[in-house]
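Visitor: I should like to understand how the descriptions given to this protein are justified. May we go through the reasoning behind a few of them?

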Amino acid sequence: MADDYLVRIGKLIRDARQHRGWTQTQLAEALGTSQSAVNRIERGNQNISLEMIARIGEALDSEIVSLGYAGPMHLRVVGGRRLSGSIDVKTSKNACVALLCASLLNKGRTLLRRVARIEEVYRLLEVLNSIGVRTRWINDGVDLEIVPPAELDMGAIDAEAAVRTRSIIMFLGPLLHRMNHFKLPYAGGCDLGTRTIEPHMIALRRFGLDVAATEGQYHAVVDRGVRPDRPIVLTERGDTVTENALLAAARHDGVTVIRNASSNYMVQDLCFFLETLGVRVEGIGTTTLTVHGVPNIDVDVDYSPSEDPVEAMSLLAAAVVTESELTVRRVPIEFLEIELAVLEEMGLDHDRTPEYFADNGRTRLVDLTVRPSKLEAPIDKIHPMPFPGLNIDNVPFFAAIAAVASGKTLIHDWVYDNRAIYLTDLNRLGGRLQLLDPHRVLVEGPTRWRAAEMMCPPALRPAVVVLLAMMAAEGTSVLRNVYVINRGYEDLAERLNSIGAQIEIFRDI
C-alpha cells in the first residue's frame with residue numbers, strides 16, 4: 001500500500017512538473033537536490049516526507065497533496081450528458097478583486113454585495129487580514145464587510161498568500177497614499193508566460209512611486225514632491241494597469257487624466273465604486289478617464305459589483321460544446337456583444353430578453369437562451385482586442401466551440417506568451433488542434449470527443465475549456481489538481497451539476 005501511494009504521488013509530481021514546463025534538473029535545482037533524486041521520487045522509488053511534498057508543491061505552484069482543509073483537488077467527469085434549465089451568472093471575479101484592493105483607499109466601512117467566493121478572493125483576504133484589515137462574511141456568507149485599521153502592519157504581510165495571486169500588484173496604487181515606503185512580495189497567479197509590471201511602474205512613477213525588485217520583493221519608496229503635471233498615457237491598455245492608475249489618482253489631491261485606459265468591465269465597476277467613495281470619474285467606458293481625486297476618504301459605503309462576462313461566456317460555451325439548450329441569466333451583454341456576433345455568424349441559435357440593470361444600477365444585463373446549433377468555422381480568425389473588442393479571457397472558449405464547428409478556425413492569442421499552448425491539451429480529448437507558433441492555434445472540427453485522465457493546465461481559462469470538453473466526451477474523464485479553476489470560479493462543478501452535468505469532486509489522499 002505504501003509503495004502504491006509513492007507511485008501515485010510521484011505521478012502527480014511528474015505531471016505538475018511537465019505542465020510547468022520544467023525538466024527534472026530544473027525541479028532539482030529549485031529543491032536543492034539532484035536530478036536522480038527527482039527521478040526516483042517521480043518513479044515512486046523513494047520515501048518522501050510531507051515537508052518535501054510541500055516544498056515541491058511550492059516550487060511548482062501546484063498543490064500535490066491537500067491536507068487540513070476540505071477543498072477539492074480533482075474532478076471526475078461523466079460526459080456525454082445534455083445540460084438543461086437555467087443558471088445565473090455570478091459577480092465578476094476581476095471586479096471583486098479590484099474592489100478589495102480599492103477598499104484600502106477608504107478609512108470607513110466598505111460593504112461589498114455578493115462577492116465571488118473564489119480562491120483568488122480568499123488569498124487577497126488572507127493578505128488584507130495579515131496587515132490588520134478586519135473582514136467578515138455577513139448575510140449568510142453572501143456579502144463581505146471590510147474595516148481597515150488606523151495603521152497597516154505591512155511587516156506582517158502573508159507572503160505565501162500574496163505570491164499566489166497577481167492581484168497583489170494592485171496594492172501599489174492605494175498604498176502609496178498611506179505610507180512613504182513599504183514592501184510587497186512578487187506577484188504570482190496564472191502561468192501565462194512573462195508578464196512585465198513595467199506599464200504599472202510607468203504610470204505610478206508620476207505619483208512619486210519608485211519600486212526596486214530584489215530578493216523576491218517589491219521595495220517601494222514614495223516621493224511626496226512628485227505629482228502628475230500632465231495627462232498620464234498608459235503604455236499598455238491593460239485592465240490592472242488602468243486600475244492601478246485609478247487607485248493612485250483616487251486620493252491624489254487634484255485632477256488626473258489617464259489616456260489609453262482600458263474601458264473593460266472590471267475597470268468600469270471600479271469607477272462606479274470610486275464614485276460611491278466621493279471620487280468623480282469622467283469618461284467611464286472610454287479610453288480617457290478624468291479623475292477628480294479626494295485626498296481623504298472616510299465613508300461607509302455599500303456597493304454591488306456586476307456580473308462576470310467571462311463566466312457568462314463559460315456557461316454559453318458549455319451549452320454549445322454539449323449541444324444543449326440552456327438559459328444563462330444575468331449576462332452583462334455590453335461585454336459579450338462581439339462574442340455573440342461571431343457566434344451568430346457561425347450559426348448559433350439563440351435569443352435574448354430585453355435589457356435590464358444590474359444591482360449597481362449601471363451595467364446592462366440580459367437573459368440568453370442557447371439551443372443546439374450546426375456551427376460552421378468563421379471566415380476570419382478569432383483574436384482578442386481591448387474592449388469593446390472580443391475579450392482576451394474569452395478567446396480560449398472559442399477553441400472548444402471551434403472544435404465542434406465544421407471547418408478550420410484560426411485562433412490568434414497574441415496577448416500571452418504561452419496560453420495558446422495549453423489549448424492543445426484538447427487533443428488528448430480527441431480534438432484536432434495544431435499549434436502554429438506560441439500564439440496561434442489552428443482548430444479543425446467537428447470533433448468526436450473522447451474521455452481521458454489529465455492534469456489541469458496551469459492557466460485558468462484553458463483549464464475550464466478542458467473541463468467543458470470532458471463534459472462533452474462520452475465516458476468518464478478525470479481532471480487533476482483543479483486549484484487554478486477554483487481561483488476564478490465559485491462552486492463551478494456543483495453549479496454545472498445543477499443543470500445536468502455529472503461531476504464528482506474527490507481527493508487522492
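Guide: Let us begin with the cysteines of this predicted model. The sulfur of Cys 101 has its closest cysteine sulfur in Cys 96, 11 Å away, which is too far for a bond.

Visitor: How do you know that Cys 271 is too far from the closest cysteine sulfur for a bond?

Guide: A disulfide requires two cysteine sulfur atoms within 2.5 Å. For Cys 271 the closest cysteine sulfur belongs to Cys 101 and is 15 Å away, so the pair is too far apart for a bond. By this rule the model has zero disulfides.

Visitor: Why is Cys 101 called buried?

Guide: Buried means a relative accessible area under 20%. Cys 101 has 0% and therefore counts as buried. Cys 271, at 1%, is likewise buried.

Visitor: What makes Ile 157 buried?

Guide: The relative accessible area of Ile 157 is 15%, and the cut-off is under 20%, so the term buried applies. Ile 157 lies in the loop between β5 and α7. Leaving aside neighbours within four places in sequence, Ile 157 contacts Val 127, Ser 130, Ile 131, Leu 184 and Pro 185.

Visitor: How do you know that β4 and β5 pair?

Guide: Pairing requires at least two bridges between two strands. Strands β4 (residues 134-138) and β5 (residues 143-147) have five bridges, in the antiparallel sense, and the requirement of at least two is therefore met. Within this pair, Thr 135 stands opposite Ile 146 of β5. The two strands, β4 and β5, form a hairpin with four residues between them, and Asn 139 in the turn has a positive phi of about 55°.

How values were computed:
Residues are numbered from 1 along each chain as its sequence is written. This is a predicted model: local features need pLDDT of at least 70, side-chain atom pairs count only at pLDDT 80 or more; totals for chains, interfaces and linings use all residues. Side-chain values use heavy atoms; hydrogens and water are left out. Buried means under 20% relative accessible area, exposed over 50%, partly exposed in between (1.4 Å probe, protein chains only). Contact means heavy atoms within 4.5 Å.
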